[in-house]
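Here are a few notes to help you find your way around. Have a look at the sequence and the fold first, then read the points with the aromatic and charged side chains in mind.

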Amino acid sequence: SGVWGGSSGGGYTTNTETQSVFKFSIGAGDSKKLSISKDVGVSALDIDFKAAVPNADITVTKVDEKPSDVTTIPNVYRYIKISTNLLESDIKEAKIEFSVEKSWININAVGRATNVYLNRYSNGKWSKLDTLTAGSDETYQKYIAYTPGFSYFVVSADKTIPSIEEEFKVSDVKAERNETLNETIEVAVNKTEEVVFESFTG
């Protein structure tokens, strides 16, 4: 039996240890954040809607092993299934929040939090989603991933270490950003000095 809670548009939410079910209506341009049962595998869905949906239905299910109808992917942390009647054209942007144990990252992602990805199964293959780190606590690293739609998902890790060239590219980008910031500050300081000088001479 689930724990029932209210939802906008006369819908409802029910959570169990293995599944979270959401039914609601939503207007075009509105957003909806859905909190998932902690044992399912993701902590929240945050959806911005492009179109109005009068009878949205989303089910997030814990999957203990590789589903038979998806291809194999290496270095798996967790599988998740998100079923819905939403079309990709209904969604402007969807974010999936999830966490991964740091001890698993140390072993399976060479200790690099940025080597962990959420992958979506679509058109017969897995695709890496844009996955960002989003803080951490003593035990877990938190993430947010952006997806154009819903289906099977898997959290996995890349064991490769970036090459020295790739590390330098990242450093160069950071340096360029710092230079731009410094130039902006210098312009602001110069303008301030000009105003002060004019006030004394004027």
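1. Let's begin with Tyr-79, Tyr-121 and Trp-126, which together form one aromatic cluster. Please keep in mind that this is a predicted model.

2. Looking more widely, a search of the whole structure turns up six aromatic pairs. One that is worth viewing up close involves Phe-150 and Phe-153: their ring centres are 6.5 Å apart and their planes meet at 65°, so the pair is edge-to-face. The cut-off for that label is an angle over 60 degrees.

3. Are the two partners of that pair buried or exposed? Phe-150 has 11% relative accessibility and therefore counts as buried. Phe-153 is buried as well, with a relative accessible area of 2%. The limit for buried is under 20%.

4. Rings also have charged company here. The charged end of Lys-32 sits over the ring of Phe-24, at 5.1 Å from its centre. Elsewhere, Lys-128 lies over the face of Tyr-117, and the distance to the ring centre is 4.1 Å.

5. Finally, do turn to Asp-90, found in the loop that runs between strand 7 (76-84) and strand 8 (91-101). Asp-90 is buried but has no salt bridge. How far away is the nearest side chain of opposite charge? That side chain belongs to Lys-50, and the distance is 8.7 Å; a salt bridge would need a nitrogen within 4 Å of a carboxyl oxygen.

6. Which residues does Asp-90 touch, leaving aside its neighbours within four places in sequence? Asp-90 is in contact with Phe-49, Lys-50, Ala-51 and Val-53.

Technical notes. Residues numbered from 1 in each chain as written. Predicted model: local features only at pLDDT ≥ 70, side-chain atom pairs only at ≥ 80, totals over all residues. Heavy atoms only, no water. Phe/Tyr/Trp six-rings, centres within 6.5 Å; stacked < 30°, edge-to-face > 60°. Buried < 20%, exposed > 50% of the residue type's maximum accessible area, 1.4 Å probe, protein only. Lys NZ or Arg CZ within 6 Å of the ring centre and 35° of its normal. Helix = DSSP H or I, 4+ residues; strand = E, 2+ residues; numbered from the N terminus. Lys, Arg positive; Asp, Glu negative; His and termini not counted. Contact = heavy atoms within 4.5 Å.
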